[in-house]
Structures are given as structure tokens and as C-alpha cells.
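Please work through the exercises below with the sequence and the model side by side, and try each task before reading its solution.

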Amino acid sequence: MVVLKKNETRNDLKAVRDWHVWLHHENQRGERAHLRRCNNLQQIMMQRSFFRLCRALPDLETYHLEGLALVAGLLAWVEQSTNADLPALLGKTKPGGNTPRFSELRFQRLLAAETSEDFLQTFRRAIVQAGKAMDPVLLADAILHWEAQQRRPDWYTGTRQWQYRFAKPYYTQV
């Protein structure tokens with residue numbers, strides 16, 4: 001991850017994974033529903049479950065709140081935790097077909113998202129198309145990487161770009 005580096009902040013990785021497990025527990029249906037109904041980051045940031053994620057992160061001050069809001073809003077759509085990476089899932093062909101699960105045009109729209117709201121809407125569609133089963137930590141990494149690049153585009157160039165890192169597994173599946 002860009003911010004959640006495996007060697008440096010294992011507690012943050014565990015916090016994201018634990019929060020995802022908590023959110024998808026049977027008793028938290030209402031919390032999930034509230035997050036799923038949010039259409040923008042401001043609405044997500046006003047949810048109790050968002051504040052629970054913030055409290056769970058030991059190094060909260062290292063994160064940008066908009067990035068965490070995207071993480072909370074999008075992880076609400078991931079129903080099953082697996083080891084699968086989203087771009088690889090999107091690039092795999094549909095069962096019984098020869099086209100990818102997520103069309104190349106939609107994938108290009110996802111890569112071109114410039115606003116948080118566009119990113120939120122397009123990413124939601126991608127999660128649903130991928131079957132709502134993926135690694136929540138890898139997904140959080142991708143989301144935080146995109147958000148960090150929005151703030152510091154001059155630092156994220158070449159192979160550091162979110163678009164490159166997201167497109168590589170997609171196109172190796174196609």
C-alpha cells in the first residue's frame with residue numbers, strides 16, 4: 001500500500017481488516033446500508049462506522065480523511081474477503097465468454113476518474129462486477145494510492161502512478 005506499508009504498519013493493516021470484518025458482521029447490516037447509500041465523501045464522513053474506522057487506525061494522523069472516507073464507502077460493498085486483487089478480477093473473462101468482466105471502456109473510465117465522486121461511483125460498479133469478493137487490504141491500498149496521487153501528482157509518475165499499477169494486472173488477464 002501507499003500508506004499502509006506491510007513492514008511498517010502491521011497494526012494499520014490489521015485495523016482495516018478487522019474493521020471490514022466488523023462491518024460485515026450480521027449485527028452491522030444497518031451500518032453497511034448507511035455507507036452504501038452515501039453518494040459523496042461528506043455523507044460517508046458523517047457515518048458512525050467511518051468514525052469507528054478512524055479510531056481503529058493507530059496512525060490516523062498519517063492519513064488524509066478523504067482517502068479514509070473512500071475506503072469506508074467502498075469496503076462496505078466488499079462482502080467477502082479473499083486474496084483476490086480487484087484489477088485482476090476485472091480483467092478475467094466472464095464465465096462462458098471471451099470478454100472481461102469489466103469492459104475495457106469502463107476500466108478506462110475508472111482509470112480516468114478525476115474527482116472523488118466519479119471515483120466512488122465507478123469503483124462501486126467495479127466491485128459489483130467483480131462479484132464483491134476481494135482482498136479488502138489490497139483494495140484499501142489502491143484507494144489510498146489514488147487519493148494520494150490526487151494530492152501529489154508530481155510525485156506519482158511512471159510506474160508509481162496508480163493508473164499503471166491498477167492497469168497492469170487488468171491487462172495481463174485480458
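The exercises that follow concern a predicted model, and each task is paired with a worked solution.

**Exercise 1. The nonpolar core**

Task: Find which residues touch the most other members of the largest nonpolar core, and list the contacts of Phe-123 beyond its sequence neighbours.

Solution: Begin with the core itself, which has 52 residues, and in which Leu-86, Phe-119 and Phe-123 touch the most other members. Next, take Phe-123 and set aside residues up to four places away in sequence; what remains is contact with Leu-74, Leu-86, Leu-110, Leu-139, Ile-143, Trp-162 and Phe-166. As background, nonpolar side chains in soluble globular proteins tend to be buried together.

**Exercise 2. Two aromatic pairs**

Task: Classify the ring pairs Phe-107 with Tyr-170 and Phe-119 with Trp-162 as stacked or edge-to-face, and place each partner in the chain.

Solution: The structure holds eleven aromatic pairs, of which two are treated here. For Phe-107 and Tyr-170, the ring centres lie 3.8 Å apart and the planes meet at 5 degrees, so this pair is stacked, given that planes under 30 degrees apart count as such. The pair joins distant parts of the chain, since Phe-107 belongs to helix α7 (residues 104–112) and Tyr-170 to helix α10 (residues 162–173), 63 residues apart. Phe-107 is buried, at a relative accessible area of 0%, and Tyr-170 is likewise buried at 0%.

For Phe-119 and Trp-162, the centres are 5.7 Å apart and the planes lie at 70 degrees, so the pair is edge-to-face. Here too distant parts of the chain are linked, with Phe-119 in helix α8 (residues 116–129) and Trp-162 in helix α10, 43 residues apart. Phe-119 counts as buried at 0% relative accessibility, and Trp-162 is buried at 1%. As a last step, place these four rings in their wider setting: one aromatic cluster is formed by Phe-107, Phe-119, Phe-123, Trp-146, Trp-162, Phe-166, Tyr-170 and Tyr-171.

**Exercise 3. Salt bridges**

Task: For the salt bridges Lys-14 with Asp-18, Arg-17 with Asp-135 and Lys-132 with Glu-79, work out where the partners lie in the chain.

Solution: The count comes to seven salt bridges, and the three named in the task are taken in turn. Lys-14 and Asp-18 meet at 2.6 Å, N to O; both lie in helix α1 (residues 10–23), four residues apart, which is about one turn of the helix. Asp-18 is partly exposed, at 38% relative accessibility.

In the bridge between Arg-17 and Asp-135, the closest N and O atoms are 3.6 Å apart. This pair links distant parts of the chain, with Arg-17 in helix α1 and Asp-135 in the loop between β2 (133–134) and α9 (136–151), 118 residues apart. The partners are set apart by accessibility, as Arg-17 counts as partly exposed at 33%, whereas Asp-135 is buried at 9%.

Lys-132 and Glu-79 meet at 3.4 Å, N to O. Lys-132 lies in the loop between α8 and β2 and Glu-79 in the loop between α5 and β1, 53 residues apart. Through shared partners, salt bridges join Arg-36, Glu-79 and Lys-132 into one network.

**Exercise 4. Arg-36 and its surroundings**

Task: Determine which ring lies under the charged end of Arg-36, and which residues Ala-76 touches.

Solution: The charged end of Arg-36 sits over the ring of Trp-77, 5.1 Å from its centre. Arg-36 is also one of the residues touched by Ala-76, together with Leu-23, His-24, Arg-32 and Leu-35, when residues up to four places away in sequence are left out. Ala-76 itself is found in the loop between α5 (65–75) and β1 (80–81), and at 0% relative accessibility Ala-76 counts as buried.

Terms used: Residues numbered from 1 in each chain as written. Predicted model: local features only at pLDDT ≥ 70, side-chain atom pairs only at ≥ 80, totals over all residues. Heavy atoms only, no water. Core = buried A, V, L, I, M, F, W, Y, C linked by side-chain atoms within 4.5 Å. Buried < 20%, exposed > 50% of the residue type's maximum accessible area, 1.4 Å probe, protein only. Contact = heavy atoms within 4.5 Å. Phe/Tyr/Trp six-rings, centres within 6.5 Å; stacked < 30°, edge-to-face > 60°. Helix = DSSP H or I, 4+ residues; strand = E, 2+ residues; numbered from the N terminus. Lys NZ or Arg CZ within 6 Å of the ring centre and 35° of its normal. Salt bridge = Lys/Arg side-chain N within 4 Å of Asp/Glu carboxyl O.
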